[in-house]
Amino acid sequence: FGTYETVKEATGGNREGHQFASTAFAGASATVAADAFMNPFDVIKQRMQMHGSQHRTVLQCASTVYKQEGLRAFYVSYPTTLTMTVPFTAVQFSVYEWAKKVLNPSESYSPLTHVSAGAFSGAVAAAVTNPLDVAKTLLQTRGSSTDAQIRNASGMFEAFKIIHAREGIKGFARGLSPRVLTFMPSNALCWLSYEGFRFFLNEQAKAAV
């Protein structure tokens with residue numbers, strides 16, 4: 001959010017009206033930095049969530065993956081993750097800012113507005129980027145697959161080819177409903193918390209003056 005606000009301000013996103021390009025670019029910039037830190041943890045989470053996984057702790061999982069596949073295993077999906085999270089965040093932030101202004105033109109602090117706009121933007125972004133999430137998951141779990149083609153998949157394009165060849169277009173819709181239902185409340189709570197703390201800090205700053 002710090003990166004988001006900084007870039008949004010620098011690119012004119014706080015001007016009057018709907019600044020879609022600025023908010024989208026600011027959101028995309030923020031996720032590039034965040035994903036560099038979070039991608040290894042996402043890989044570990046995927047490995048531990050797999051059916052039949054033998055990993056019982058985060059440290060044990062990380063150690064096993066590193067020994068068997070090297071450091072590259074934690075970042076093999078990073079370009080694909082960015083390919084998904086950059087458009088996801090760009091859509092989410094721009095839709096949120098648009099919805100917030102439509103629901104609350106005065107732009108005053110409104111918890112109901114932040115919850116509603118957050119849930120809606122999360123649903124839209126989740127639906128738009130679901131095909132990329134399916135490809136990312138295939139890449140992140142390839143090390144545990146017994147399928148030689150999946151195990152040797154080296155990038156998003158190849159992952160897309162495998163999914164399409166085996167399941168067709170419907171393969172890219174796998175997990176759509178739970179993904180949307182996951183991001184709606186999480187985004188709603190995220191934006192509610194962020195806007196609430198920002199309002200509180202702004203009020204504190206005004207009181208101090």
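The exercises below, each with a worked solution, concern a predicted model of a single protein chain.

**Exercise 1. Overall fold**

Describe the secondary structure of the chain and the extent of its C-alpha trace.

Solution.
- Step 1. Count the elements: the chain has nine helices and zero strands.
- Step 2. Write them in sequence order, which gives the pattern α-α-α-α-α-α-α-α-α.
- Step 3. Take the extent along the principal axes: the C-alpha trace spans about 60 × 35 × 30 Å.

**Exercise 2. Burial, surface and contacts**

State what share of the residues is buried, what the accessible surface amounts to, and how contacts are distributed along the sequence.

Solution.
- Step 1. The chain has 209 residues, and 45% of them count as buried.
- Step 2. The accessible surface is about 11500 Å², and carbon and sulfur atoms account for 65% of that surface.
- Step 3. Consider contacts between residues at least 6 apart in sequence: 66% of these join residues at least 24 apart.

**Exercise 3. Charges**

Give the number of positive and negative charges and the separation of their mean positions.

Solution.
- Step 1. The chain carries 19 positive and 14 negative charges.
- Step 2. Average the positions of each set; the two means lie 9 Å apart.

**Exercise 4. The largest pocket**

Find the volume of the largest pocket, the residues nearest its centre, and the helices that line it.

Solution.
- Step 1. The largest pocket holds about 1200 Å³ of space.
- Step 2. Its lining consists of 43 residues, and those nearest the centre are Met84, Asp133, Lys136, Arg179 and Phe183.
- Step 3. Assign the lining to elements: two or more residues each come from α2 (20-49), α4 (78-103), α6 (130-140), α8 (156-167) and α9 (176-208).
- Step 4. Of the elements, α2 gives the most to this lining, with 12 residues.

**Exercise 5. The cavity**

How many cavities of 30 Å³ or more does the structure hold, and which residues line the largest cavity?

Solution.
- Step 1. There is one cavity of 30 Å³ or more.
- Step 2. The volume of the largest cavity is about 40 Å³.
- Step 3. The lining of the largest cavity is made up of His18, Gln19, Phe20, Thr23, Ser94, Glu97, Trp98 and Lys101.
- Step 4. The elements giving two or more residues to this lining are α2 and α4.
- Step 5. The greatest contribution to the cavity lining is that of α4, with four residues.

**Exercise 6. Two threonines in contact**

Place Thr31 and Thr85 in their helices, decide whether each is buried or exposed, and list their contacts beyond four places in sequence.

Solution.
- Step 1. Thr31 belongs to helix α2, and Thr85 to helix α4.
- Step 2. Apply the cut-off for burial, which is under 20% relative accessible area. Thr31 has a relative accessible area of 9% and is therefore buried. Thr85, with 11%, is buried too.
- Step 3. Leaving out neighbours within four places in sequence, Thr31 is in contact with Leu82, Thr85, Val86 and Thr89.
- Step 4. With neighbours left out in this way, Thr85 is in contact with Thr31 and Asp35.
- Step 5. Combine the steps: the contact between Thr31 and Thr85 joins a residue of α2 to a residue of α4.

**Exercise 7. Ala26**

Is Ala26 buried or exposed, and which residues does Ala26 touch beyond four places in sequence?

Solution.
- Step 1. Ala26 lies in helix α2.
- Step 2. Its relative accessible area is 0%, so Ala26 is buried.
- Step 3. Not counting residues up to four places away in sequence, Ala26 touches Tyr4, Val7 and Lys8.
- Step 4. For a pair distant along the chain, take Ala26 and Phe197: they are 171 residues apart in sequence, and their C-alpha atoms are 20 Å apart.

**Exercise 8. Two partly exposed residues**

Locate Glu107 and Pro178, and classify each by its relative accessibility.

Solution.
- Step 1. Glu107 lies in the loop between α4 and α5 (111-128), whereas Pro178 is placed in helix α9.
- Step 2. Partly exposed residues fall between the cut-offs of 20% and 50%. Glu107, at 46% relative accessibility, therefore counts as partly exposed. Pro178 is at 48%, so Pro178 counts as partly exposed.
- Step 3. Check the backbone of Glu107: phi is near 55°, a positive value in a residue other than glycine.
- Step 4. Relate Pro178 to Ala126: they are 52 residues apart along the chain, and 9.8 Å separates their C-alpha atoms.

How values were computed:
Residues are numbered from 1 along each chain as its sequence is written. This is a predicted model: local features need pLDDT of at least 70, side-chain atom pairs count only at pLDDT 80 or more; totals for chains, interfaces and linings use all residues. Side-chain values use heavy atoms; hydrogens and water are left out. Buried means under 20% relative accessible area, exposed over 50%, partly exposed in between (1.4 Å probe, protein chains only). Contact means heavy atoms within 4.5 Å. Accessible areas come from the Shrake-Rupley method with a 1.4 Å probe; for residues, only the protein chains shown count as cover. Lys and Arg count as positive and Asp and Glu as negative; His and the chain ends are not counted. The place of a charge is taken as NZ of Lys, CZ of Arg, CG of Asp or CD of Glu. On a 1 Å grid over the protein atoms alone, a cavity is a set of points where a 1.4 Å probe fits but cannot get out, and a pocket is an open set with protein on both sides within 12 Å along at least five of seven lines; lining residues have an atom within 4 Å of a point. Grid points are joined across faces, edges and corners, and a volume is the space filled by probe spheres set on the points.
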